[in-house]
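Open the model in your viewer and keep the sequence panel beside it. The stops below go from one chain to its contacts with the others.

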Amino acid sequence: MTMAEVLANPATIGHEAPTDVRPVRLLPRPRGRTGLVAWLTTVDHKKIGLMYGLFAVCFFLLGGVEALLIRTQLIVPNSHFVGAHFYSELFTMHGTTMIFLAVMPLNAAFFNLLVPLQIGARDVAFPRLNAFSLWVFLAGAVILNVGWFLQAGAPAAGWFGYAPLTSKTFTPDVSADLWTIGLEVLGLSSIVAALNFIVTIINLRAPGMTMMRLPVFSWMALITSFLLVMAMPSIAIALLEVIFDRHFGTNFFEVSGGGQPILWQHLFWVFGHPEVYILILPAFGYVSEILPTFARKPLFGYPVMVFSGALIGFIGFGVWSHHMFTTGMGTVANSAFALATMAIAVPTGVKIFNWVGTLWGGHLRMRTPMLFALGFLWLFMMGGFSGIMHSAAPADSQQHNSYFVVAHFHYVLIGGATFGLLAAVHYWFPKFFGRKIDERWGKVSFWIIFLGFNATFFPMHFLGLDGMPRRTWTYDADMGWSTGNLIATLGAYLLGAGLVVYLAAAVWSAFRGEPAGDDPWDGRTLEWSIPSPPPEYNFAVIPTVRARDAWWHEKHDRARGAPAAAEAGGIHLPDHSWCPLIAAAGLLLGGLSFAHDRLGLSLAGLGVVVLSIYLWALEGPGGTHVHPEAPAAPAPAKT
Amino acid sequence: MDLALPASGPGSAHSRFHTYVQVAMILAVITGVELLLIFLPFPRPLLIGGLVVLSAVKFLFVIFIFMHLRWDRLFCTAVFFIGLLLGGGTLGALVNLFNVAASVPLTAHP
Amino acid sequence: MSSDTASPAAAHDAPTATGIPNKKLLFWAFLASDCMFFGTLISTHLVYRQYPPPDNPVPTRVFDIELTSFSTFVLLMSSLMMALAVNSIHRGRVRAMRGALLTTALFGLVFLGCQAWEFWHFVYVKNLTITNSIFGSTFFTLTGTHGTHVAVGVVWLLSMLAYSYRRGFDERHAVDVEMMGLYWHFVDIVWIVIFTAVYLLEYVYAGAAPAR
């Protein structure tokens, strides 16, 4: 039976226990599985993951365009390719877009797509809350970018929005309101999603899946989720204080009223530093899955990898003022934060050694995901070296706010986080699209990206040490920066071209790529044990896990235990719901209205949110039951 | 699930009722002591220390008894204490960062 | 408000890997996050109390500590009533739960009423507003945020109370009441911290007690 037939058949639809409270059905629960309504109301983690991915890729391209405009402005000295204020909008939105609207949602996409599959679950713990996170993310993205269409322009106070530049005095127009409110909304999306994944990973693991048998990616997802729920509140309060200063005349960062702008820096970086670990830990996870598969060896030192990931997360809360070494905090503070920052290099370095140890003695297969993962290893390490150079506070007093910092964070964010994502897309693409990305064009895109990336950002180390400040709009010909900038811009175009090739290959392959089976890479974890693409219920029978690298164990272990029993009564699937979308729409309305000081509309938006929460609570998860046929036994292991 | 309680004996729903009422009375008494304390002529560090300790006692009573952590899985306690320690640590660090001589604002000087 | 209600073999009967109900774990994780939220806000207040500008209002001349103590006591008692409500629903005693919930909500409203009176008094009699000093900004934002949390809690309590009249509401819904209880108690413990850090400490610093 197709899904549509199942849903149309009353015999397969579950009913509420007659003695329980009857749900209130003011809004329909759409039953279709295709078409726009199905996607707008879905609660399926796989569909939600794909939508996160689609939106994130679109914003990644937007951020890339912003980057190319920046680099074009800097290709020659004394250029006026773009005006100074527009340039400020460009570097602000490039940073904000890439961090909050590209990398974070791409990681969210992979959390959604993979975590339930890797732990042997049917979905996340709270499916409607999951959909809510997605739509609220979109609402925040709209609020952040709507400024491009307004006279006030897009936010232009830097991606870190230092006070008092964000005050009404220095940014009287609505762009700062759009930035603060947009980020508040995005923060809500992230916190809710992270809570959902914490409960999912802790509580919904398949029988036998102990924490120390969890795939490393799922561990990194858990730690990242903890970081999100602990770090986001700090920026939420900081943004709240800016919003109150701008709209209610408070004095949090208003010197004449007794405020101190430096407090913004502290509160922002209390969030901002854990944020960079939020960006990189998932990439650690992808690479920790990909290297073992293409080295045909288990990950070296699993317990240490898990422990060091947790340690990095925890220590990451204690280093924030290394972004503020030049603000005059005093010797003791500078020393303390410098030492803590150096300490974090230890568990990070341990991980790198363990990845190398995974490769050592393995049978390496140089497919595209492996190339990106190896690129990650090298480039992230280089970014780590420049990071260690920053951690020495005296050296940082020259490097701070120079292009050396730009080089450092692009090595860790592109060389690290983005290369990890590019590897992950190639690796898991067959699972969700049923086709492999073309191998030849994948490799071509890797080399163009690798060369273009290094050409762009390696010269920036020297530009920084030669004194070129960040966020420079234009520079004189006799500064000695001309050659470096020229190479960097040409490299940026090459990088852009490589990413276009990568994307084109992926899009083409989604329609015409070589069909992939369930397990095209001879993988090690449970997602490879189910069909490509997976059925809505993921597992026909919830697996019983007997070891780490559960799927590898199933394929290669002769003494397989009795297969797990199917659930009596069939598989329960929660119903689709309009409530998450409507709640997000309310937040969008309320956020945009409040930014423009429209009290009535803001209250209307709030009203929509409250109403949708009530409808959400009263409608219940609902649900239907399906009875799939039993799966065939796994294919004999390939050698 | 840990929702089913025995009808009688220690830890039963009936004895918990009494536990809750007793804890509420302790909380009220401690609050009264705090109010008295602030008007007593003790040295400042002693007063501050006393207030912090008393508040911490109230805090712990509420989380372990009213919020049930004493009878729940240890993991719930662990999760909450991660947040508590990070929040408290950040608060301590921020207060100390702003306390150093280098960070005193010029407007505060007489 | 309603737990999973699909057929007998439904998701809510599925055992969790830890034995902790999903909603309960979610809520404890959320409260850990809220600790950081209030921690940051309280930090802001305390940071600005260290070296205030010379024209900053003196808190002990603004506060009405008797009123605040009374409202603190009321909030503590509301926590007791909330614990009793959860206890009742675990024993299947819905009517007792309803009484306890109503009392909790009423105490919450009394707390809010006291706070509203306090705010009015500070603004119109003591001339402390959210804009005219750094103390005013941090005080009203911190206690106002807490008050908003209390108000949301009261709405939740009354909604749960109304919901409990629907046919079929019984101890199967205890986890929802428990979740609400966790929220209410958290709001109480945040107030315990605020009462000490924002109110009581001012008297210690301003008092005749000798500093060492």
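Two residues are in contact here if their C-beta atoms, placed from the backbone, lie within 7 Å. The model is predicted.

**Stop 1: chain C alone**

Select chain C and hide the rest. Its secondary structure consists of six helices and zero strands, so that from the N terminus on the order reads α-α-α-α-α-α. The C-alpha trace of chain C spans about 70 × 35 × 30 Å along its principal axes. Colour chain C by burial: 54% of its 212 residues count as buried. Now look at which parts of the chain meet. Taking contacts in chain C between residues at least 6 apart in sequence, 83% join residues at least 24 apart.

**Stop 2: chain C against chain A**

Bring chain A back. The contact takes 42 residues from chain C and 47 residues from chain A. On the chain C side, select helix 1 (22-50) and helix 5 (134-163), each of which supplies at least two residues. Which helix of chain C gives the most to the side that touches chain A? Helix 1 does, with 14 residues. Coloured by class, this side of chain C shows 23 nonpolar, 15 polar and four charged residues.

**Stop 3: chain B against chain C**

Show chain B and hide chain A. Here 51 residues of chain B are in contact with 53 residues of chain C. On the chain B side, the elements giving two or more residues are helix 1 (13-37), helix 2 and helix 3 (74-97). Helix 3 of chain B gives the most, with 14 residues. The side of chain B that touches chain C divides into 38 nonpolar, eight polar and five charged residues.

**Stop 4: one helix pair**

Stay with these two chains and select residues 44-66 of chain B, which form helix 2, and residues 174-206 of chain C, which form helix 6. How far apart are the axes of the two helices? They are 10 Å apart, and the helices pack at an angle of about 170 degrees. Angles over 145 degrees count as roughly antiparallel, which makes helix 2 of chain B roughly antiparallel to helix 6 of chain C.

Show the side chains where the pair meets. Helix 2 of chain B contributes residues including Arg44(B), Leu47(B), Leu51(B), Lys58(B), Phe59(B) and Phe66(B). From helix 6 of chain C, the residues in this contact include His185(C), Asp188(C), Ile192(C), Thr196(C), Leu200(C) and Val204(C). The residues of this contact divide into 13 nonpolar, three polar and three charged.

Technical notes. Residues numbered from 1 in each chain as written. Chains lettered and ligands numbered in written order. Predicted model: local features only at pLDDT ≥ 70, side-chain atom pairs only at ≥ 80, totals over all residues. Axes fitted to C-alpha atoms, helices over the stretch in contact; angles between N-to-C directions. Helix = DSSP H or I, 4+ residues; strand = E, 2+ residues; numbered from the N terminus. Parallel < 35°, antiparallel > 145°, perpendicular 65-115°, else oblique. Nonpolar A, V, L, I, M, F, W, Y, C, P; charged D, E, K, R; others polar. Buried ≥ 20, exposed ≤ 12 C-beta atoms within 10 Å, placed from the backbone.
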